[in-house]
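Got the viewer open? Let's walk through it one selection at a time, with charged side chains as our trail.

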Amino acid sequence: MTAVASIEIKAAPAQEYLLRIGDTCLIHAQRLAEWSGHAPILEEDIALTNLALDLVGQARALLTHAGAALGYDEDQLAFLRDERDFRNATLVELPSRKGGRDFADLALRNFVLAAWLNVLWAKLEASSDAEVAAIAGKAVKEARYHVAHAAEWVVRLGDGTDESARRMARAVERTWPYLAELFEDDAVDEAAERAGLGPRRSALRADWAALVEPVLADARLAVPEAGQFRSTGMRGVHSEHFGYVLAEMQVLQRSYPGGVW
Amino acid sequence: MTPSKTDQANAQAQAREWPLWEVFVRAKAGLDHKHCGSLHAPDPTMALQMAREVYTRRQEGVSVWVVRSDQIIASDPADKAMLFDPMEDKVYRHPTFYELPPEVGHM
């Protein structure tokens, strides 16, 4: 086995912007895939895999598009970048099945992210970049279903038995600190908005809250107060969990460069 | 008669299990919904979602029905001979004896 060298990315703001979304989809899908064969029921096992495959499709489209400007294809971007060059939100790299997490954490993560992506895709349909608008037009349908599906679980578990309600409340506590990152702007957002490429993150909050809050109310889950903690995955500074995600996701391409089915 | 221990255990297990649902999928507009399988789900909404997940992931359908299996009234397999065998020798009920006029074309 010959280990293959990593690629380094010097992305302009437009590519940064697309990588943040594409990488969030990709790593979320990778964590979802860990549930394959472990979901509480067979039907949900298939549902989670379907969801993950939708997200991989979205990631592929965005990575291909961003990669065209960077001189890399989707596979090189997914499998040969190092940690610091990934731009996913920290939330999606956190443990989802192991590390003390359970199905309640997953259901909630699915829900809040699907809602965020749904709102984002809807706005990206008006992107000045025709390719991005086309990707968004397809993805928004998938995201809308993801929201509906995940919301059913959040309500059932939140307003279910004492045990399920306790676990859902714990999931809210663990998830909420990582949401701030999804709604706060930096120079990349401003450039994207100026160019008409897509919305700034802070522009997503109101629509997101309109999707999420009624479901949380149905689920009898209280929203925690905003804290001071800020995660920084979208700027390339990740949690200690992320290296393990990449190790598993990249091992094949790193060990057998260019290997195909 | 008091139910046996096994019957009681079965009834308890059934109460804990989610009900079974039959799934019907319409392949495209104009066609009938066809029975394609069954699944377990706690309620109608989840049954419909799970049917979508399990039975339409290869573009099999444009519409899905789910029906609780215990709501279906089925004929008794033991009555098969009585119900269906009498039709065996009534070949004249098939329309194969009519000659189609050529102007009807393909039917």
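Over all chains, the count of salt bridges comes to 26. Keep in mind as you click around that this is a predicted model. As a reminder, side chains of opposite charge can pair when their charged atoms come close.

**Stop 1: inside chain A.** Select Asp189(A) and Arg20(A), whose side chains meet in a salt bridge at 3.5 Å, N to O. Asp189(A) sits in helix α7 (residues 187–195) and Arg20(A) in helix α1 (residues 13–33), so this pair ties together parts of chain A that are 169 residues apart in sequence. Are these two buried or exposed? Both Asp189(A) and Arg20(A) are buried.

**Stop 2: α4 and α8.** Now pick Lys123(A) and Asp207(A), another salt bridge, at 3.4 Å from N to O. Here the link runs between helix α4 (residues 103–124), which holds Lys123(A), and helix α8 (residues 205–218), which holds Asp207(A); the two residues are 84 apart. Switch on a surface and look again: Lys123(A) is partly exposed, with a relative accessible area of 31%, and Asp207(A) is partly exposed too, at 39%.

**Stop 3: two loops.** Next, select Glu184(A) and Arg230(A), which form a salt bridge at 2.9 Å, N to O. Glu184(A) is in the loop between α6 (162–175) and α7 of chain A, while Arg230(A) is in the loop between α8 and α9 (242–255), 46 residues apart. Glu184(A) counts as partly exposed at 31% relative accessibility, and Arg230(A) is partly exposed at 37%.

**Stop 4: a network.** Show Asp102(A), Glu163(A), Arg166(A), Arg167(A) and Arg170(A) together as sticks: a network of salt bridges links them.

**Stop 5: where the chains meet.** Color by chain and go to the interface, where 13 residues of chain B are in contact with 12 residues of chain A. About 1300 Å² is buried between the two chains, and carbon and sulfur atoms give 59% of that. How many salt bridges are there between chain B and chain A? The count is one: select Asp43(B) and Arg156(A), whose side chains meet at 2.4 Å, N to O. Polar contacts across the interface come to seven residue pairs.

Still at the interface, highlight β2 (33–40) and α2 (44–55) of chain B, each of which supplies at least two residues of the side touching chain A. Helix α2(B) gives the most to that side, with seven residues. By type, the chain B residues on this side divide into six nonpolar, three polar and four charged.

Notes
Residues are numbered from 1 along each chain as its sequence is written. Chains are lettered from A and ligands numbered from 1 in the order in which they are written. This is a predicted model: local features need pLDDT of at least 70, side-chain atom pairs count only at pLDDT 80 or more; totals for chains, interfaces and linings use all residues. Side-chain values use heavy atoms; hydrogens and water are left out. Contact means heavy atoms within 4.5 Å. Buried area is the accessible area (1.4 Å probe) that two parts lose on being put together, summed over both. A salt bridge is a side-chain nitrogen of Lys or Arg within 4 Å of a carboxyl oxygen of Asp or Glu. A polar contact is a pair of N or O atoms within 3.5 Å; within protein, one must be able to donate a hydrogen and the other to accept it, and residues adjacent in sequence count only if both atoms are side-chain atoms. Helices (H or I, at least four residues) and strands (E, at least two) are DSSP runs, numbered from the N terminus. Ala, Val, Leu, Ile, Met, Phe, Trp, Tyr, Cys and Pro count as nonpolar, Asp, Glu, Lys and Arg as charged, and the others, Gly among them, as polar. Buried means under 20% relative accessible area, exposed over 50%, partly exposed in between (1.4 Å probe, protein chains only).
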